[in-house]
Every structure is written in C-alpha cells, then in structure tokens.
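Subject: Structure handover

Hello,

Here is the structure we talked about. Please open it alongside this email; my notes on what I found follow.

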Amino acid sequence: MTKSEQLFRRAGKVIPGGVNSPVRAFGSVGLTPRMIASADGAYMTDEDGRSYLDFVGSWGPMILGHNHPAVREAVIRACENGLSYGAATKREVEMAELICGSIPNLEMIRMVNSGTEAVMSAIRAARGYTGRDKIIKFTGCYHGHSDALLVQAGSGVMTVEIPDSAGVPEGCTKDTLSAVYNDETSVQRLFDEFPEEIAAVIVEPVGANMGVVPPRKGFLETLRRICTKYGAVLIFDEVITGFRLAFGGAQEYFGIDADLVTYGKIIGAGMPVGAYGGKRDIMARVAPLGPVYQAGTLSGNPVAMAAGLAQLAILKENPQIYSDLNHMGTWFFGEIRKAADQSGIFVTVNACGSLGCVFFTDADVVNYETAKTSDTERYADYFRYMLAHGVYQAPAQFEAMFLSSAHTEEMLKGVLRLIEAYFQG
C-alpha cells in the first residue's frame with residue numbers, strides 16, 4: 001500500500017469521505033487521491049515521491065507556477081511580523097488600491113476569505129442596493145456552496161451527481177431563478193415574468209465549473225444590456241477568470257463592464273482569500289458605510305495580502321505573461337483537437353485563454369446539458385492513463401485545465417505525445 005493510500009485510509013476515519021473538498025476524492029475516476037507533499041514550478045510531488053506535471057494549479061491561482069520565489073519570500077517576510085491581527089493593515093489598503101487603480105469600473109473593494117464568501121456577500125450587496133430579492137444564476141455555473149446558490153450548481157456537484165444539496169431549506173432557494181448559459185432568451189423570459197423583482201444576474205463569464213464553456217458572441221453583451229434596462233446588478237463571478245484571462249480578468253478580455261465582480265484565491269497567490277468589489281454607489285451600501293452587513297475576522301489577512309501583492313505586481317509589470325499564456329493555450333488545446341480529429345474518436349475540446357477542457361462527446365458543448373453528454377467513464381480512463389504517465393489533471397470531467405507560465409513548450413509537447421498515443425489506442 002502506498003503512503004497516499006495509507007493516509008487516505010486514515011483520513012476516512014476522521015474526515016467525511018477522507019477529503020476536505022469533494023472533488024479531491026478521486027471517486028469519479030476510480031482511484032484514491034494522491035496526497036501531495038510539495039510543489040514547485042509546474043510540478044507537484046506526492047508523499048510517495050512521485051512527481052506530476054500539474055494542470056490543476058490549486059484550481060487556478062498558480063498562474064506563475066507553484067512556489068514562485070518572489071511570492072514565497074513575501075510570505076516569509078510577512079510571517080516574521082505575525083500571522084494575523086484581526087485589525088486593519090497597510091497591506092490590505094495597498095491591495096485595494098492596486099486592484100481599484102487597475103480596473104476602471106472597480107471603485108471600491110472588500111476583502112473576504114474565499115470565493116464562496118465573496119459571492120454570498122456580493123449578492124447581499126446587490127439585494128441591499130436594489131431592494132429586490134430574486135437573483136438569476138445559470139445552470140452549471142458554480143458560485144460557491146452558500147445555500148441560495150446550490151441550485152444546479154455544476155463543478156463538484158456534477159461530479160458526485162447531487163442535483164441540489166441536502167440541508168438547504170426550500171425557502172433559501174425560492175428567490176433563485178435558473179437560466180440557460182449561452183441562451184439570452186432564457187434570461188429575457190425571467191425578466192418578462194419578474195421585471196421589478198430581480199436584484200442581480202450572476203454569471204461565470206467563462207463557464208469553468210461544467211468543464212470549460214466559453215460565452216457565445218453577444219451573450220455577455222446581452223446580459224449587460226438586459227441588466228441595465230431593468231435596473232438589475234450584473235455580477236461577474238471571476239473567481240476563476242479574474243487576473244487569469246487578463247490583468248483585468250474577463251471584463252478586460254471581453255470588453256464588458258459588470259456592476260460587481262468577485263475574486264478568489266488568485267489574489268492571494270493560492271492562499272485562502274477572496275474579494276468583491278464594483279461601483280461605489282453599490283459598495284457604499286456595505287457596513288460600516290451602509291446597512292448591508294458583512295464581516296470577517298480574518299479578512300485581509302496580512303500574510304495572504306503579502307502573497308497576493310507579490311503575485312499581482314509581477315502580473316501587472318509583465319503583461320506579456322498574459323499574451324504568452326493565451327497564445328500557449330490556443331496552440332496547446334488546438335493540438336489536442338487535431339490529435340482527436342486524426343484518431344477519429346469523439347472528443348470536443350473547449351478553451352478560452354489558458355483554460356481548457358477535454359470532453360468525451362461529439363456534441364458542441366455550449367451549456368450544462370451539452371456538457372453532461374460527455375462520457376465520464378471514458379474521461380476516468382483517460383485520467384488514469386495520464387496520471388500513470390506523470391500528468392496530474394482534474395480528477396473529474398467537469399473541471400478546467402489550467403496552464404501557467406511555468407509550463408514550457410517542451411513540457412506541453414511531451415503531454416501532447418501522451419495524448420496522441422492514448423487517442424490512437
């Protein structure tokens with residue numbers, strides 16, 4: 001028995017399912033999880049000493065690769081001054097100034113501790129600002145595990161085949177309306193029915209929790225137009241896309257201004273952190289300025305802020321990182337498509353910038369329903385093959401692959417050779 005297997009057996013006695021987040025369990029791919037001991041650059045190493053070329057990157061924030069020297073040094077220096085104060089600090093001011101000074105429509109921002117908390121808080125702010133209760137989300141988009149948003153929520157919920165979570169009272173979701181991603185008419189129908197009751201539309205500008213599903217041309221623009229017409233708040237959930245597609249995230253990449261934006265662990269270089277921000281008149285409703293209450297003892301943690309400032313500084317000072325990453329993604333995921341086409345197997349490869357996903361289906365994957373046509377058993381077989389050859393991908397079909405600046409062309413060519421061999425049988 002490997003050390004990873006031994007640890008997982010121990011974990012099962014004291015942690016539900018042996019993991020602290022369901023998608024880590026490897027259940028959908030028929031394996032036990034690899035217990036990771038360390039990570040550096042593009043690689044992770046497990047407790048048994050096996051190294052893997054990593055395409056998860058802590059689910060996105062490791063855009064510079066693991067254990068970047070500048071980030072590591074910033075964390076060490078911050079730790080020397082203490083780990084947490086529960087008080088205001090210079091670094092959280094610097095973080096807010098950096099983000100608001102770089103993204104034109106973000107006038108105020110509030111630090112929190114996770115993407116889930118950021119989304120929950122943004123929705124509360126939107127409701128407090130509009131005086132309305134209903135929100136629209138899209139089937140297959142995941143916005144964290146708060147009660148009102150666990151409705152056809154994609155991501156790990158799709159993987160473990162739980163349509164809507166137990167433990168969520170019906171009353172918590174009665175004001176949550178579901179629309180179809182990439183289908184503007186489904187949104188308009190809801191506004192036709194509730195023209196003065198919808199506080200916000202929340203969307204992943206690139207669906208990245210049902211695999212990767214890019215927005216069709218005009219989809220995001222239509223959401224912006226509808227929200228403006230009806231006085232609803234447009235919320236971009238950029239926990240995945242923020243500071244990844246571009247320094248200004250999906251807003252910059254697609255040229256769309258949202259009213260509120262949520263961010264996740266990328267602004268902490270992988271440390272537990274999140275944020276929500278947007279227009280001043282909305283954010284001014286948040287306590288202590290306004291009546292919308294939201295608080296967090298560890299919000300703006302000085303160590304997380306130090307890590308995030310170091311990473312964001314590198315990204316801002318080196319915009320070529322984004323053009324290089326997006327070019328790499330176009331090439332790499334395009335080559336996977338070519339390999340599939342040449343082999344004659346049914347594979348759809350979706351990509352947007354440095355995000356991508358391989359679906360084992362011949363359907364055009366444009367929303368939740370088409371994503372579900374993917375053959376998850378075939379994906380599990382593919383995952384096991386790649387892992388056995390030292391490539392670590394998401395242990396679930398409905399997640400993204402993440403490229404980082406630590407991935408080299410030589411590394412990716414090696415991965416492509418493995419994929420070609422798998423496709424050719």
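Start at tyrosine 230. Tyrosine 230 lies in helix α8. This is a predicted model, so every value below is computed from predicted coordinates. Tyrosine 230 has a relative accessible area of 16%, and it counts as buried because that is under the 20% cut-off. Leaving aside residues up to four places away in sequence, tyrosine 230 touches Arg132, Gln188, Phe191, Asp192 and Pro195. Glutamate 196 is 34 residues away from tyrosine 230 in sequence. In space, their C-alpha atoms are 7.2 Å apart.

Threonine 228 sits in helix α8 too, which runs over residues 219-230. Is threonine 228 buried or exposed? Threonine 228 is exposed, because its relative accessible area of 54% is over the 50% cut-off. Threonine 228 and aspartate 259 are 31 residues apart along the chain. Their C-alpha atoms lie 9.7 Å from each other.

Now the whole chain.

The mean pLDDT is 94. Of the residues, 94% reach 70 or more. One stretch needs care: over residues 157-163 the pLDDT is below 50. That stretch has 13 contacts in the model beyond near neighbours in sequence. Where pLDDT is low, predicted coordinates should not be read in detail.

The chain holds 15 helices and 14 strands. Its radius of gyration is 21 Å. A compact globule of 425 residues would have a value near 22 Å, so the chain agrees with that expectation. The C-alpha trace spans about 60 × 55 × 45 Å along its principal axes. Of the 425 residues, 56% count as buried. Take the contacts with a separation of 6 or more: residues 24 or more positions apart account for 71% of them.

On the surface, the accessible area comes to about 17,900 Å². Carbon and sulfur atoms hold 51% of that area. As for charge, there are 37 positive and 47 negative side chains. The centres of the two sets lie 3 Å apart.

Next, two leucines that touch each other.

Leucine 64 is in the loop between β3 (51-54) and α2 (69-79). Leucine 64 is buried, because its relative accessible area of 7% falls under 20%. Which residues does leucine 64 touch, not counting those up to four places away in sequence? They are Gln311, Ile314, Leu315, Ile321, Ser405 and Ala406. Tyrosine 263 is 199 residues from leucine 64 along the chain. The C-alpha atoms of leucine 64 and tyrosine 263 are separated by 17 Å.

Leucine 315 lies in helix α11, residues 302-317. Leucine 315 is buried, with a relative accessible area of 1%. With residues up to four places away in sequence left out, leucine 315 touches Ile63, Leu64, Phe243, Phe247, Ile321 and Tyr322. Isoleucine 63 is 252 residues from leucine 315 in sequence. C-alpha to C-alpha, leucine 315 and isoleucine 63 are 9.1 Å apart.

Phe243 is one of the leucine 315 contacts, and its backbone deserves a look.

Most residues other than glycine have a negative phi, and most peptide bonds are trans. Three places are worth checking against that.

- Phenylalanine 243 has a positive phi of about 60 degrees, although it is not a glycine. Phenylalanine 243 is in the loop between β8 (233-237) and α9 (249-254). With a relative accessible area of 1%, phenylalanine 243 is buried.
- Tryptophan 59 has a positive phi of about 65 degrees and is not a glycine either. Its place is in the loop between β3 and α2. Tryptophan 59 counts as partly exposed, because its 21% relative accessibility falls between the 20% and 50% cut-offs.
- A cis peptide bond joins alanine 287 and proline 288. Omega there is about 10 degrees. Proline 288 is in the loop between α10 (280-283) and α11.

To recap, leucine 64 and leucine 315 are in contact. Leucine 64 is buried, and so is leucine 315. In helix α8, tyrosine 230 is buried, whereas threonine 228 is exposed.

Best wishes

Definitions and conventions. Residues are numbered from 1 along each chain as its sequence is written. This is a predicted model: local features need pLDDT of at least 70, side-chain atom pairs count only at pLDDT 80 or more; totals for chains, interfaces and linings use all residues. Side-chain values use heavy atoms; hydrogens and water are left out. pLDDT is the predictor's confidence in each residue, from 0 to 100. Contact means heavy atoms within 4.5 Å. Helices (H or I, at least four residues) and strands (E, at least two) are DSSP runs, numbered from the N terminus. The radius of gyration is taken over C-alpha atoms; the globule rule is 2.2 Å times the number of residues to the power 0.38. Buried means under 20% relative accessible area, exposed over 50%, partly exposed in between (1.4 Å probe, protein chains only). Accessible areas come from the Shrake-Rupley method with a 1.4 Å probe; for residues, only the protein chains shown count as cover. Lys and Arg count as positive and Asp and Glu as negative; His and the chain ends are not counted. The place of a charge is taken as NZ of Lys, CZ of Arg, CG of Asp or CD of Glu.
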